[in-house]
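Biologist: I'd like a close look at one part of this protein, the big sheet and whatever packs around it. Could you take me through that slowly, and then point out any odd backbone spots along the way?

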Amino acid sequence: MSDTLEILLTNDDGIDSTGIRALHDALAEHANVTVVAPANDQSACGRSISHAVDVREHELGYAVEGTPADCVVAGLAELGPKPDLVVAGCNEGANLGEYVLGRSGTISAAVEAAFFDVPAIATSLYVPLGDISFDEIELEPADFAEATRVTSYLTEHALDSGVFEHAAYLNVNVPLPDTDPAPIEITHPSKRYEMDAERNGDAIHLTDRVWESMDPETIPDPEGTDRRAVAEGRISVSPLTAPHSTNHHEALEALAETYLETVTAASR
């Protein structure tokens with residue numbers, strides 16, 4: 001691998017988060033890293049984009065008053081050298097399942113890079129919550145040891161291996177570090193979706209009940225899914241494509257063919 005590997009690093013937790021600092025320090029050991037990250041927490045903002053954003057210099061690079069998608073566009077088109085790879089993370093909390101692909105700011109940064117035809121890796125850390133809320137979790141740099149290790153490995157080897165000839169980006173989810181390094185499992189996003197809503201007066205409280213059944217002994221997600229792999233202590237790597245594919249089918253073609261005839265008859 002060349003010593004001049006260029007990486008654009010961003011996230012959705014904000015430029016002052018522990019996870020992006022941990023990844024920066026690890027990646028900077030073998031690459032030139034340009035950080036362009038949100039000035040504040042932008043979790044779950046998806047691919048929201050702005051027309052204009054303020055930017056200021058930061059000790060790690062650039063802090064942008066905007067979203068991860070803003071950061072990727074600004075970084076690739078203006079602020080940084082053209083990178084070989086975009087890395088997003090490390091997110092404090094897992095990004096697992098099909099339904100988070102359009103919701104997560106971390107993954108959305110990788111998708112934005114794909115539209116620039118730049119390969120990307122989105123890395124997230126799975127943190128079992130037990131009976132406490134995520135807001136009560138305080139992560140230390142050492143908690144990201146597994147995440148930084150596997151992301152460094154992938155940045156060093158994935159480009160030359162031909163991985164990105166078949167995938168636009170990799171969605172990587174990592175368990176908390178253990179005594180020994182965790183193995184990698186190539187996965188696909190789980191299809192399980194258990195969002196719920198409950199009204200309380202004038203408010204609606206939204207709950208993602210997927211996280212209530214992450215016990216590795218009873219988790220309902222099938223083998224080969226990202227969620228099962230991480231719950232059982234393995235690193236999940238899902239190779240994904242962007243933009244989303246289309247599925248032409250004769251049933252829809254039939255509807256299109258009868259459209260004008262139907263609406264014309266209805267208007268008579």
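Modeller: Here is a walk through the sheet, the helices beside it and a few unusual backbone positions. Keep in mind that this is a predicted model, so everything below is read from computed coordinates.

Let's begin with the overall frame. The protein has 6 helices and 11 strands. Its radius of gyration is 20 Å, close to the 18 Å from the globule rule for 268 residues, so the protein is as compact as a globular protein of that length. Along the principal axes, the C-alpha atoms fill a box of roughly 70 × 45 × 45 Å. Some 49% of the 268 residues count as buried. If you take the contacts with a separation of 6 or more, 77% of them come from residues 24 or more positions apart. The accessible surface is about 14,200 Å², and carbon and sulfur atoms hold 49% of that.

Now the sheet itself. It is an open one of 9 strands with mixed pairing, and reading across it you get S3-S4-S2-S1-S5-S6-S7-S11-S8. At the two edges sit S3 (55-58) and S8 (184-186), each of which pairs on one side only. Going from strand to neighbouring strand, the average turn is 20 degrees, direction ignored. For a closer view of one pairing, take S2 (residues 32-38) and S4 (residues 61-64): they run parallel and share 4 bridges. Within that pair, Ala-37 faces Ala-63 of S4.

On to what lies against the sheet. Helix H3 (residues 105-115) packs on it and touches S1 (6-10), S5 (85-92), S6 (120-125) and S7 (169-174). The direction of H3 makes about 175 degrees with that of S6. H3 has a helix partner too. Two packed helices are described by the angle between their axes and the distance between the axes. For H2 (residues 68-79) and H3, the axes come within 8 Å and cross at roughly 30 degrees, and the crossing is right-handed. On the H2 side, the contact is made by Pro-68, Ala-69, Val-72, Val-73 and Leu-76. H3 brings Gly-105, Ala-109, Glu-112 and Ala-113 to that contact. An α-helix has 3.6 residues a turn, so residues three or four places apart point the same way.

H1 (18-27) is worth a stop as well. Of its 10 residues, 7 are buried, so H1 is largely enclosed by the rest of the structure. The buried ones are Gly-19, Ile-20, Ala-22, Leu-23, His-24, Ala-26 and Leu-27. Their cover includes strands S1, S2 and S5 along with helix H4 (145-161).

Follow the chain from H1 towards S2 and you meet Ala-31 in the loop between them. Ala-31 has 9% relative accessibility, which is under the 20% cut-off, so it counts as buried. Leaving out residues up to four places away in sequence, Ala-31 touches Leu-5 and Ile-7. Gly-80 is 49 residues from Ala-31 in sequence, and their C-alpha atoms are 14 Å apart.

There is also a hairpin to look at. S9 (residues 195-200) and S10 (residues 203-208) pair in the antiparallel sense over 6 bridges. Glu-198 has His-205 in S10 as its bridge partner. The hairpin has 2 residues between its strands, and Gly-201 takes a positive phi near 70 degrees there.

That leaves the odd backbone spots you asked about. As background, most residues other than glycine have a negative phi, and most peptide bonds are trans. Back in the sheet, the peptide bond from Gly-89 to Cys-90 is cis, with omega near -5 degrees, and Cys-90 belongs to strand S5. Ala-44 is not a glycine, yet its phi is positive at about 60 degrees. You'll find Ala-44 in the loop between S2 and S3, and at 51% relative accessibility it counts as exposed. Asp-117 is another non-glycine residue with a positive phi, here near 65 degrees. This residue, Asp-117, sits in the loop between H3 and S6, and with 69% relative accessibility Asp-117 counts as exposed.

Technical notes
Residues numbered from 1 in each chain as written. Predicted model: local features only at pLDDT ≥ 70, side-chain atom pairs only at ≥ 80, totals over all residues. Heavy atoms only, no water. Pairing = 2+ DSSP bridges. Axes fitted to C-alpha atoms, helices over the stretch in contact; angles between N-to-C directions. Contact = heavy atoms within 4.5 Å. Rg over C-alpha atoms; globule rule 2.2 N^0.38 Å. Buried < 20%, exposed > 50% of the residue type's maximum accessible area, 1.4 Å probe, protein only. Areas by Shrake-Rupley, 256 points an atom, 1.4 Å probe, with all protein chains shown as cover. Left-handed = near helix turned anticlockwise from the far one by under 90°.
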